[in-house]
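These are my notebook entries from a sitting with one structure, written down in the order in which I looked things up.

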Amino acid sequence: MPTVTLNRKEFEKLVGKALPTEELKDRLAYLGTDLDEVTDKDITVEIFPNRPDMLSEQGLARAFSSFIGVKGLVQYPVKAATERLIIEEPVKNVRPYTACAIVKGISFTDERIREVIQIQEKMHVSYGRNRKKMAIGIYPLEKIKMPIRYTALPPKEIRFRPLEASREMDGLQILSQHPAGREYGHLLEGKELFPVFIDANDEILSMPPLINSEKTGRINEQTKDVFVECSGFDFTVLHRGLNMIVTALADMGGEIHQMTLAYPEGKKKTPDLKPWEMDLSLAYVNRRLGLELSEKDLKEHLGRMGHGYQKGRVQVPAYRADIIHQVDLVEDIAIAYGYENFVAEMPKTPTLGEENAREKQKDRIAEILVGLGLLETSTYHITNKEDQLRKMEAKGELIELSNALTIEHSSLRRELLPMLLAVLSRNRHNEYPQRIFEMGSVFLEDKDGVTETGIREEEHLAVALCDAKADYTSIRQVLDYLMMLTDREVMVKPCEHPSFIPGRAGRIFIDTVEAGFIGEQLSPAVLANWELDMPVVGFEIKI
Amino acid sequence: MKLEELAQGLHPLERKVLPFLRTHHDAVSLISASGLKEVEVIRALQWLSNKDIVLLDIARKKVVELDRNGTLYKENGLPEKRFLAAIQKKSLSLDAIGRSAGLGKDELNVCIGLLKRKAAIDTKKGKVLTCSITENGKKILAKETLEERFLKQEFPLPLDSLQDELRFAFDELSRRRQILRIREEKTTNVRLTEAGKRLAAMELTSDVLESLTPGMLKQGTWKGKTFRKYDVSINVPSISGGRRHFVNQTIRAIKDLWLELGFKEMKGPHIMTEFWDLDALFVPQDHPARYEQDTFFIKKPKQGSLPPVWKKVRDVHETGGDTGSRGWGGRWDRDQARQNILITHDTYLSAKVLAETRPEDLPVKTFQVMKVFRNESLDWKHLFEFYQVGGIVIDPDVTFRHLLGYLRTFFRKMGFEKVRIRPAHFPYTEPSAEVEGFHPVKKQWIELGGSGIFRPELVKPLLGIDVPVLAWGLGIERHRLFRHR
């Protein structure tokens, strides 16, 4: 989740009220943010990903002031379009859409420039999905000659000096040499044409979603008016994102001007800050929340969250991108009502609890084995070929991960006995006898095509006894005792098993169904692989 | 304690040692006088000391002993002396010196360094290295060196006793390999206390019984005898028994709570398609949580199959389908949904329950405890495998207030008196709430888990109707924190 740090003084000025620290913390938490820290100077909060409109000081202050008072819907005036932006055919297959605006009359102090950069960065990461879904560019208007064209060029023909670079570069050089290119270059890699904004002087303003030009794309303290563009693949997404940015700029004292976007298929105008409308049923709200709100309450609570309301219709601010269903308004109402004010209640209808049958059986097995003095272990499901196969002198296939971080944890276990040997191997310095067991899932290929994933998971039990006197009798006694108490018939037939001494391993049949293997001892080669110098006997069965 | 009582409580070993204490005052002589083993004497003395019968004074001192090379050199002379002796008459190559003085390669190298430092030899580098003795070397050869004098001492030698020249020789030899070693010697001096003296003077009756044997019981020989009194306040060596793993103990306790609240336990596989883990839960396909770095993917088989309900799920993602939602927009990718992954949260099982529930079965209450997986590197704070517990209530008559009711009841049973619920965000619940418990020791609110009411975009495609589904997911590590407080 994105974390933003706000200047407390500035925030209080925007809110129009200074709250004591404890109350401020409490209210911010109940508005729906994760509080990191509040000091006299700064407020640090985490913004939930559904509220990118609160990523700016202005956006958060707007939501907060409304939450602690009742402001209702804030209207943002928008001046009619005088400037034009032309979207050209070639950009269609690269990064097809842009939504743009002009904001005039902001006094850019050092602090303010930092704020604008912060908004841009936070929005890139969260709402913009690391610039993939939306990238934002902000430019000093006085350096630009209108109209601007949004088009795409072969990378070699794109030449300009990008921000933070000392010289002119072409499109490919930016990708390979510029820090922004190296970080986000994958978004353009392999494309024949790269998108660019070009002004009427044929100056390249930027190459989205990567970098602005040093000449026309850097805001400084002399800047008053700015051109703002958002580029990406979904016009609605971009338009909402643009609305979030221009409203924050308007809260800094800016005046919003619409722009005409000339798409090949027709004209559009952005930004459009007219609230959009959604139906909301009072009965639905009360049924979901367990409240008995009146229509007047509804209007008040919606107002607290910045919405307008009239006769079953809600006016949603144009910067709220997260309202996609009336339940989203239900949540806003719950927040306005105050989570702390809900009275908890238990349903009257009783239901019967029911434990999973296999889990019940596992509990019973554990009880029996613990009664024999065995210790239960709990190991990882993700292990490796070395432990599961090579150290066991066994062959076969494991279910592997395709993006493991380490070789040590790269495959899923198919047997539990190797996991127990790993535990014994790690506990060589402890006293003997060591008698352990584990129950859990193992992962196998589903050869019968029964499961939806093609992988079969089985629940296994493994027991290992490690002791100078560990022999076949002692492990068989554990198996027989367990089978007797769980009322099963057990039979063991001789078999060859690569991990055991030849002639001392057997296949276990429970109620005539093959269920696992048992043996004395794990072969000296296996024990040497695990660096164990104490005999180990064991069995593993399917539960 | 009275003297008689003390006497009756004496262990047989104490009884054996006690008479010798009047004449013997250290552990070594007690061992030889009593004929007991060292451990027996030491244990008896320790017990007697615990009862204030004796005073123990344990002195530790360091002594110097000859190590492997030291013993050899004491017998055959120091290598540097043998080196000089070999070239006394004429200069020789290094090999020849080695043969004549019986020195190994390492020893030769040590000698060259040492002797050059003392200006005892000259070396000449030709095809092979040759060494010749100097005048100074001859003097050294004729004289007994400090090191040689040191080796002639009687060992073990108390380290404290080394003075001046011997100390210098000790330092020199200590630098060289395996000539000397230092051992710590412990001497235990024993003195009887006043009570001890009186006790030692007493005639100790020997007819107290030590342990009760089956023979005594059969023959009745215990009659009329007294048993030795034990010191029942002593600490005994610890033993360990069989027990369940502590994580499973916690899981058992949590399961019991949900079972008591009328929930049914669910189980499911750990490998699942992304469809059930994320798409069915209405998590958008470009959600940051779905970025590769958080999820473990399966190499083979890479993809699984989709259930028939996939089309409804696709529609709800793209347009909202028939749920009254606008959906996430964009195109929903079927191939992405088919990818096999290790489950990233237990909530997928709740989606499966919804898909398998018929509206006429309601209300349905289920929960699950499951291992879930995140692709993070392992360190003390991050585990790539951990347990989650989650549950749902599918009931047309429940509200947000019932969600709070369940959570409060559960956490009260867990031992949290103070629980608060705050706004939160999860892609599949609306309203969403974070549950926090007040830690009575740390005096702060601690995150316990997430909860909410499932979004209609999740419920309707799977269940067929839109009814409230209360849902929560909690990590079990947090619960342990409280239970073990």
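How many bridges join strand 22 of chain A to strand 23 of chain A, and do the two run parallel or antiparallel? I looked this up at the start and found that 12 bridges join them and that they run antiparallel. I keep in mind throughout that I am reading a predicted model.

**Entry: the sheet in chain A**

I followed one pair along these strands and noted that Val442(A) has Glu458(A), in strand 23 of chain A, as its bridge partner. I then traced the sheet to which the strands belong, and wrote down an open sheet of seven strands in chain A, in the order 19-22-23-27-26-25-24, with mixed pairing. At its edges stand strand 19 and strand 24 (490-495) of chain A, and because each has a single partner strand, one side of each is left without a neighbour in the sheet. I also looked for what lies across this sheet, and found helix 14 (residues 472-485) of chain A, which lies across strands 23, 24, 25 (505-510), 26 (513-519) and 27 (536-542) of chain A. The helix runs at about 30° to strand 27 of chain A.

**Entry: the sheet in chain B**

Next I turned to chain B, where I found an open sheet of three strands in the order 2-4-3, with antiparallel pairing. Strand 2 and strand 3 of chain B are at the edges with a single partner strand each, so one side of each has no neighbour in the sheet.

I checked the two pairings separately. Strand 2 (residues 92-93) of chain B is joined to strand 4 (residues 129-133) of chain B by two bridges, and there Leu92(B) has Cys131(B) as its bridge partner. Strand 3 (residues 121-125) of chain B pairs with strand 4 of chain B over five bridges, again in the antiparallel sense, and Lys125(B) stands opposite Leu129(B). I noted that strands 3 and 4 of chain B form a hairpin, with three residues between them.

**Entry: where the chains meet**

How many residues does the contact take from chain A, and how many from chain B? I read off 75 residues from chain A and 89 residues from chain B. Between them the two chains bury about 7,100 Å², of which 53% is on carbon and sulfur atoms. Of the area that chain A buries against chain B, 11% is supplied by Arg288(A), Ile324(A) and Glu452(A), which is more than any other three residues supply.

I then looked at charges and polar groups across this interface, where the rule finds 15 salt bridges. I wrote down the salt bridge in which the side chains of Glu376(A) and Arg244(B) meet, at 3.1 Å from N to O. The rule also finds 46 residue pairs in polar contact across the interface, counting pairs with both residues at pLDDT 80 or more.

Several elements of chain A each supply at least two residues of the side that touches chain B, among them helix 2 (21-32), helix 8 (282-289), helix 10 (326-337), strand 22 (434-445) and strand 23 (455-466). The largest share, five residues, comes from helix 10 of chain A. I sorted the residues of this side of chain A by kind, and they divide into 36 nonpolar, 21 polar and 18 charged.

**Entry: a salt bridge within chain A**

Over all chains I noted a count of 80 salt bridges by this rule. I followed one of them within chain A, where the side chains of Glu88(A) and Arg149(A) meet at 3.3 Å from N to O. Glu88(A) is in the loop between strand 4 (78-87) and strand 5 (97-104) of chain A, while Arg149(A) is in strand 7 of chain A, so the pair ties together parts that are 61 residues apart in sequence.

**Entry: backbone details**

Finally I looked along the backbone and found a cis peptide bond from Met146(A) to Pro147(A), with omega near -5°. Pro147(A) is in the loop between strand 6 (134-140) and strand 7 (148-153) of chain A. In chain B, Leu362(B) and Pro363(B) are joined by a cis peptide bond, with omega about 0°, and Pro363(B) is in the loop between helix 18 (347-356) and strand 10 (364-373) of chain B.

Technical notes: Residues are numbered from 1 along each chain as its sequence is written. Chains are lettered from A and ligands numbered from 1 in the order in which they are written. This is a predicted model: local features need pLDDT of at least 70, side-chain atom pairs count only at pLDDT 80 or more; totals for chains, interfaces and linings use all residues. Side-chain values use heavy atoms; hydrogens and water are left out. Two strands pair if DSSP finds at least two bridges between them. Helices (H or I, at least four residues) and strands (E, at least two) are DSSP runs, numbered from the N terminus. Contact means heavy atoms within 4.5 Å. Buried area is the accessible area (1.4 Å probe) that two parts lose on being put together, summed over both. A salt bridge is a side-chain nitrogen of Lys or Arg within 4 Å of a carboxyl oxygen of Asp or Glu. A polar contact is a pair of N or O atoms within 3.5 Å; within protein, one must be able to donate a hydrogen and the other to accept it, and residues adjacent in sequence count only if both atoms are side-chain atoms. Ala, Val, Leu, Ile, Met, Phe, Trp, Tyr, Cys and Pro count as nonpolar, Asp, Glu, Lys and Arg as charged, and the others, Gly among them, as polar. Axes are lines fitted to C-alpha atoms, for helices over the stretch in contact, and angles run from 0 to 180 degrees between N-to-C directions.
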